[in-house]
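Dear colleague,

I am passing on the structure we spoke about, with some notes below on what came out of it. Please have it open while you read.

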Amino acid sequence: MLSPKFVFQKTGAQSCRPIREMADAAKPKMDFRTMFFFAMTLSLCLNTVVCFIGSLGLPFVKAFTLVTYRAALMSASVAFLYRIAYSLKPPASMMSIAGWRASLAPVLNSNGAHYVIYSIVFAMGRPVPTVLFPLTICGGYQLLTIANKHFPATLKRVRGDRLFALAQQEMHRMMAMCATMECSMLPLLMMELFTPARSVTRVFLYVNYLRRRYACKDDTVFRIKYTYGNAGQFHQQVWGMLDQKTSPILRRVPGIDKVLGPLKMWFTQGAAPMKTQ
């Protein structure tokens, strides 16, 4: 005869099993796109961590700095290109130039296309770990979102649910940080013009990249939608603050407005409208 304690334990275990099975059945399954973005953003984040640690000069990890730097850029680019590929809608008439322009315009002006250009520009030079931070922040949001949807129990066990909630709450600040870091890369490229690693082409490409970012109306990165605003807004805020800081000094330079005026007009042409919270 079984003891009451054993019967209780056995019955309890059996009663818990259907609950776990129901929970597993209720958990949404990953489709191919979700698995692809999970793999690419995980690769992006892991390679960024190794690259940053390697840049600190640790003997063993240092050898992997360049490899992981380029692997991180490649992971982000592949994910963005994949999204571009399945988002592109061919025109009704394959021979219509106007139709292709209309189809390509939203794709080429998207965050994904811009970040592919960003990755190409910096893949050509020496490894700079801070270049990876805007991509990794966006990748981290995608990774946390997938984990929260498909692995909620695991995420909660490691206190990742709190991190996800905080990340959602602070998303507008994190996107503003991304814009600030992207803009701060321009002085770095310009200073390299005075070194043997100079590249006028990279500076030209990056200035045009920042111009596109300033006018970007896209509010989605990877498969994550901004909780507030769009990419162009955050870049406008950065350049607006920079203008406020430098204007009092630049006004003292005779004739500077004749030079900066046309440049500002060119740079801000087609800018995205500011959204109010």
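Over residues 5-11 the pLDDT (the predictor's confidence in each residue, from 0 to 100) stays under 50, and the model has 1 contact (heavy atoms within 4.5 Å) for this stretch beyond four places in sequence. This is a predicted model, in which local features need pLDDT of at least 70 and side-chain atom pairs count only at pLDDT 80 or more, while totals for chains, interfaces and linings use all residues. Residues are numbered from 1 along each chain as its sequence is written, and side-chain values use heavy atoms, with hydrogens and water left out. The protein has a mean pLDDT of 84, with 88% of its residues at 70 or more; among its elements, helix α1 (residues 4-26) has the lowest mean, 48, and α2 the highest, 94. Helices here are DSSP runs (H or I, at least four residues), numbered from the N terminus.

The largest nonpolar core has 52 residues, and Y115, Y118, F122, M175 and Y206 have the most contacts inside it. Such a core is a set of buried (under 20% relative accessible area, 1.4 Å probe, protein chains only) Ala, Val, Leu, Ile, Met, Phe, Trp, Tyr and Cys residues joined through side-chain atoms within 4.5 Å. Helix α9 gives the most to this core, with 10 residues. Leaving aside residues up to four places away in sequence, Y115 touches F80, P134, L135, C138, C178, E182, Y209, R213 and V221.

Finally, L210, R213 and Y214 in α10 meet A231, G232, H235, Q236 and W239 in α11.

Best wishes

Key. Buried < 20%, exposed > 50% of the residue type's maximum accessible area, 1.4 Å probe, protein only. Helix = DSSP H or I, 4+ residues; strand = E, 2+ residues; numbered from the N terminus.
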